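Please consider the model shown below, which is to be read from one residue outward to its cores, its aromatic pairs and its annotated domains.

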Amino acid sequence: MLPLLLLLSGCAETSTSAAEKKTEGKLASSVQQSYGPPAQVPAASRNAVMAAHEAMQAKNWAQLPALAQQARADQELGEYPMFWYLRNQIRSRSESIPAGEILAFLEKSQNPYLHERLKADWILEAARTGDFATVRQLGNVDLNNSQVNCAILHARHMGNSRVGASQALEAFRPGNACWDMMRQLSAANVLQWEHIQPLLRDDIEYDNKANARRYAVMLFSPAQMKDYDALIANPKAWLSGQSGKAQSQEQEELRTLAFSRLARQDREGGYAFLQSTGNTLVSAKNRQWILTQFGLVSVLNLEDRSDQWYRQAGEGFRLSEYNHAWRVRAALRQPTIDWPWVAKTIGMMPPAQQQEPVWTYWTARAQQAMGNTAAARKGFETVANDDHGFYGQLATEALGRKITLPLQAPASNAAELAQIKQNRGLQRAVSLFNLDWRPEAVAEWNFAIKSLNDRELMAAAEWAVQESVYDRAINTSLLTQGDINFRQRFLAPFEGKVGQQARNVGLDPAWVYGLIRQESRFVPVARSRVGAAGLMQVMPGTAKMVAKKIGMSDFSMSDVNEFDTNTRLGTSYLSMVKSDLGNSEVLATAGYNAGPNRPKRWRSSLSGPVEGAIFAETIPFTETRLYVKHVMSNATWYATLFTGQPQSLVQRLGTVTP
């Protein structure tokens, strides 16, 4: 790869030279989002863009430069053909990167998103090949992309600029560029034991073996890595070969990790082994953390004894936020809730975690149960005022109020709509949506709205409604901070049809809408990574089963995205699941996401009746737990909108019995 410095300055690079420092960040974006009337697009130029899209999808890359020339007069989308071509040149490791062509594109580009996206791709490839001079010269990128941010930090470090551990840890998200940065900073002792060891423990705790091993390599020698691999495979056998006090912090850590793996493989035998050998093999503080691993695995299996392990662990040591949360949940699902202990376990959390709506609410519940009325009321008021979701609704009811719509901001007026329709980025996005190029359209839309204020966001959301791009309307409206419009945030497109389908099978239309909003955001062509399709994200096997049960003799999988077919199959299946789960909406919502057998097992683990909110909060699958809370909250807002009457989430959640 030809270093960018040579192209910019014509002189050779020597380490971090004066010439490089002069050009560092030279290509930082100067392309700004512009406004103006929609461009007049020549038909021939738009046809060239469409032909280029087909060529791109078919990987006929050689056709793109000529089509790019033909597309130049398309002032909306005409940059896409050359962007696709250059992006492929960057990503194709069999081709040399055409630095001159990329620089020319970046210099002339009038599309801020494509400018930043192409620059980001170049940065990632340059960092991968060790061309950190080019990364530094390209400068920052106006994209929220963790891998690009890691590549930039890595390049700064390699150019002798100081990169602190806190910067690296804040930027890090699992991905190739970030792992490369972490390995380099670890080798340079910027990241040390106290930075990496907690990350290793967190991934061991989360059972993410691949990521955990990456951290382990940074901490342990090659010989110690043989021990690490052995203890991951068979912790009991490995620990049986250990004796006496640990001779190093590495040996102590390996033993600690081995005991934590025992919690997953054999809780009874592992705990007995810890009791008999732990005092010798590991320190008292590490035994505390090990006990929380037994508590965590136990509560994820919905065992009441989990709370005892957490209590035995005590306090005064680092715990992940994930495990902090489950320590509270273990307390909440006890047959008799010890509310002072609930309050204490929340108080052990980091301050920022304690202030999340969920834990502010449960702290207030604990204060209420302990008779601290003023403290409880203050907590409920905080959540009710700051959160419009699940816990804000519960807090509203805890204050003795029914759930009603908050004060709504005035709808966008004609002038605001006219102004937002002058936004070039949104114009491009709408044109892309009209071509059914959703990946490009969503990316352009999201980039265009980044710097909009509340009124502009509401106007953009209204434009999305007019274009029937309902997911962008909802997501854009959700970004407003002061001005709130629930009729945008809780759109109800296809209202008559969906409502009728729901009523046909005896379901509450508000609940069905709450579920569709969470499943697909009303995108009819939505398809998940596992094959779920359409508005109600119906799985192929489920579709075939339901079609057979309801006598849909003409059903074909090719029709699963079609509106009537999808909603008929989805509502019929939801009705079946609800009937099979005692007509409980909260259980049926969990079953729709995780399969109906899982909520049956979760319910059977209960030692007595529990309120629906506690059942929802202690669902052991993170995705399903969040899904249930979102759907039930959505349904409550839709019921408020549909009926015009105050609603109760508590009543909708009901009580779950074994």
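In which helix does V586 lie? The model is a predicted one, and in it V586 belongs to helix α36, which comprises residues 585-594. V586 has a relative accessible area of 0% and is therefore buried. Beyond its neighbours within four places in sequence, V586 is in contact with V628, M632, L653 and V656. The C-alpha atoms of V586 and G654 are 8.0 Å apart in space, although 68 residues separate the two in sequence.

The UniProt record, an unreviewed entry, carries the annotation "domain: Transglycosylase SLT" for residues 500-604. In the model this span is 59% helix and 0% strand, and its end C-alpha atoms lie 34 Å apart. The unreviewed entry in UniProt also lists "domain: Lytic transglycosylase superhelical linker", at residues 420-477. Here the chain is 76% helix and 0% strand, with 14 Å between the end C-alpha atoms.

The discussion now turns to the nonpolar interior. In soluble globular proteins, nonpolar side chains tend to be buried together. The largest nonpolar core has 149 residues, and W122, W362 and W445 are the members that touch the most other members. Helix α39, residues 622-643, gives the most to this core, contributing nine residues. A second core, separate from the largest one, has 48 residues, among them A212, L231, L254 and L274.

Helix α5 offers a detailed view of buried packing. This helix has 12 residues, and its first and last C-alpha atoms are 16 Å apart, close to the 16 Å expected at 1.5 Å a residue. Of the 12 residues in α5, 11 are buried, so that the helix is mostly covered, by the criterion of under 20% relative accessible area. The buried residues of α5 include the aromatic residues Y80, F83, W84 and Y85, as well as R87, N88 and Q89. The partners against which the buried residues of α5 pack are α3 (43-57), α4 (64-71), α6 (99-108), α7 (112-128), α27 (424-434) and α28 (438-448).

Aromatic contacts recur across the model: a search of the whole structure finds 32 aromatic pairs. How are the rings of Y80 and F83 arranged? Their centres are 6.1 Å apart and their planes meet at 80°, so the pair is edge-to-face. Y80 and F83 both belong to α5, residues 80-91, and are three residues apart, about one turn of the helix. An α-helix has 3.6 residues a turn, so residues three or four places apart point the same way. Both Y80 and F83 are buried.

W193 and F220 form another edge-to-face pair, with 6.4 Å from centre to centre and 75° between the planes. W193 lies in helix α12 (193-205), whereas F220 lies in the loop between α13 (209-219) and α14 (222-233), so this pair ties together parts that are 27 residues apart in sequence. W193 counts as buried because its relative accessibility is 18%, and F220 is buried at 5%. Elsewhere, ring pairs link F486, F490, Y513, F522, W637, Y638 and F642 into a cluster.

Aromatic rings also take part in contacts with charged groups. The charged end of R201 sits over the ring of W289, at 4.5 Å from the ring centre. R329 lies over the face of W326, 4.6 Å from the centre of that ring.

Two residues merit attention for their backbone. Most residues other than glycine have a negative phi, and most peptide bonds are trans. N189 is not a glycine, yet has a positive phi of about 65°. Q537, also not a glycine, has a positive phi of about 50°. Where are these two residues placed, in helices or in loops? N189 is found in the loop between α11 (176-187) and α12, and Q537 in the loop between α33 (509-519) and α34 (540-549). With a relative accessible area of 52%, N189 is exposed, whereas Q537, at 11%, is buried.

Terms used. Residues are numbered from 1 along each chain as its sequence is written. This is a predicted model: local features need pLDDT of at least 70, side-chain atom pairs count only at pLDDT 80 or more; totals for chains, interfaces and linings use all residues. Side-chain values use heavy atoms; hydrogens and water are left out. Helices (H or I, at least four residues) and strands (E, at least two) are DSSP runs, numbered from the N terminus. Buried means under 20% relative accessible area, exposed over 50%, partly exposed in between (1.4 Å probe, protein chains only). Contact means heavy atoms within 4.5 Å. UniProt positions are given in the numbering used here, feature names are shortened, and annotations may be inferred rather than shown by experiment. A nonpolar core is a set of buried Ala, Val, Leu, Ile, Met, Phe, Trp, Tyr and Cys residues joined through side-chain atoms within 4.5 Å. Rings of Phe, Tyr and Trp (its six-membered ring) pair if their centres lie within 6.5 Å; planes under 30 degrees apart count as stacked, over 60 as edge-to-face and the rest as tilted. A charge sits over a ring if NZ of Lys or CZ of Arg is within 6 Å of the ring centre and within 35 degrees of the ring normal. The expected span of a helix is 1.5 Å times one less than its number of residues.
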